[in-house]
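Me: I would like a close look at a single part of this protein, with its surroundings explained as far as the model allows. Please keep it to one connected answer.

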Amino acid sequence: MHRSRHPNKEVEEAVAHAESEGWTFRKQGHWGRLYCAHADRDGCQFGVNGTPRNAGNHARQIYRAVARCPHKQKEQDNEDL
């Protein structure tokens, strides 16, 4: 299923970056939620607002959440085995 584009360009780029890093998007709430590749109870998730107060800050928060995800490193380690 194809997701709708975010109305703000900066946030859309951040969401696209998250998806390129293996995160998935689910439509929930006002706009949606991002889940890391380890999408079970202890996996990372981040809510994406449809109309954030400051779109630039919201986009940076998305980039930061993706970068801080501890499961990305574990997934890469398992691929190396």
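Reply: What follows looks at helix α1, its two sides, its ends and its charged partners, and then turns to the rest of the chain.

The model is a predicted one. The protein holds three helices and three strands, and from the N terminus the order of elements is α-β-β-β-α-α. Of its 81 residues, 35% count as buried. Among contacts with a separation of 6 or more, 42% are between residues 24 or more positions apart.

Helix α1 covers residues 9–20, which makes twelve residues. From the first C-alpha to the last the helix reaches 16 Å, close to the 16 Å expected at 1.5 Å a residue.

The buried residues of α1 are Val 11, Glu 12, Ala 14, Val 15 and Ala 18. Viewed down the helix axis, these buried residues fall within an arc of 160°, so they line one face of α1. The cover over them includes strand β2 (32–35), strand β3 (45–48) and helix α2 (55–68). On the other side of α1, Lys 9 and Ser 20 are exposed.

Next, the ends of the helix. At the N-terminal end, Asn 8 acts as the cap of α1: an oxygen of its side chain lies 2.9 Å from the backbone nitrogen of Glu 10. After α1 comes Gly 22, which has a positive phi, near 100°.

Glu 12 deserves a separate look. This residue sits in helix α1, and it counts as buried because its relative accessibility is 8%, under the 20% cut-off. Apart from neighbours within four places in sequence, Glu 12 is in contact with Arg 3, Arg 5 and His 6. Side chains of opposite charge can pair when their charged atoms come close.

A search of the whole structure gives three salt bridges. In one of them, the side chains of Glu 12 and Arg 3 meet at 2.8 Å, N to O. Arg 3 is itself buried, with a relative accessible area of 14%. Arg 3 also meets the side chain of Glu 19 in a salt bridge, again given as 2.8 Å from N to O. This pair links distant parts of the chain, since Arg 3 lies in the segment before α1 and Glu 19 in helix α1, 16 residues apart. Glu 19 is partly exposed, at a relative accessible area of 30%.

The remaining bridge joins Glu 12 to Arg 5, with the closest N and O atoms 3.9 Å apart. That distance qualifies because the salt-bridge limit is 4 Å. Arg 5 counts as exposed, at 63% relative accessibility. Through shared partners, the salt bridges join Arg 3, Arg 5, Glu 12 and Glu 19 into one network. Within that network, Arg 3 and Glu 12 are buried, Glu 19 is partly exposed and Arg 5 is exposed.

Helix α2 belongs in this account, as it is part of what covers the buried residues of α1. The 14 residues of α2 should span 20 Å at 1.5 Å a residue, and its end C-alpha atoms are 20 Å apart, which agrees. Its buried residues are Ala 55, Gly 56, His 58, Ala 59, Ile 62 and Val 66. What covers them includes α1, β2 and β3. So α1 is listed in the cover of α2, and α2 in the cover of α1, while β2 and β3 appear in the cover of α1 and in that of α2.

The N-terminal end of α2 also carries a cap. Here the residue is Asn 54, with a side-chain oxygen 3.2 Å from the backbone nitrogen of Gly 56.

Last, the cysteines. The count of disulfides comes to zero. The sulfur of Cys 36 has its closest cysteine sulfur in Cys 69, 4.0 Å away, which is too far for a bond. Cys 69 is in no disulfide either, and the cysteine sulfur nearest to its own is that of Cys 44, 3.6 Å away. These distances do not qualify because a disulfide is counted only when the sulfur atoms are within 2.5 Å. Cys 36 is buried, with a relative accessible area of 1%, and Cys 69 counts as buried at 7% relative accessibility.

Terms used:
Residues are numbered from 1 along each chain as its sequence is written. This is a predicted model: local features need pLDDT of at least 70, side-chain atom pairs count only at pLDDT 80 or more; totals for chains, interfaces and linings use all residues. Side-chain values use heavy atoms; hydrogens and water are left out. Helices (H or I, at least four residues) and strands (E, at least two) are DSSP runs, numbered from the N terminus. The expected span of a helix is 1.5 Å times one less than its number of residues. Buried means under 20% relative accessible area, exposed over 50%, partly exposed in between (1.4 Å probe, protein chains only). The arc is that of the directions from the helix axis to the C-beta atoms. Contact means heavy atoms within 4.5 Å. A polar contact is a pair of N or O atoms within 3.5 Å; within protein, one must be able to donate a hydrogen and the other to accept it, and residues adjacent in sequence count only if both atoms are side-chain atoms.
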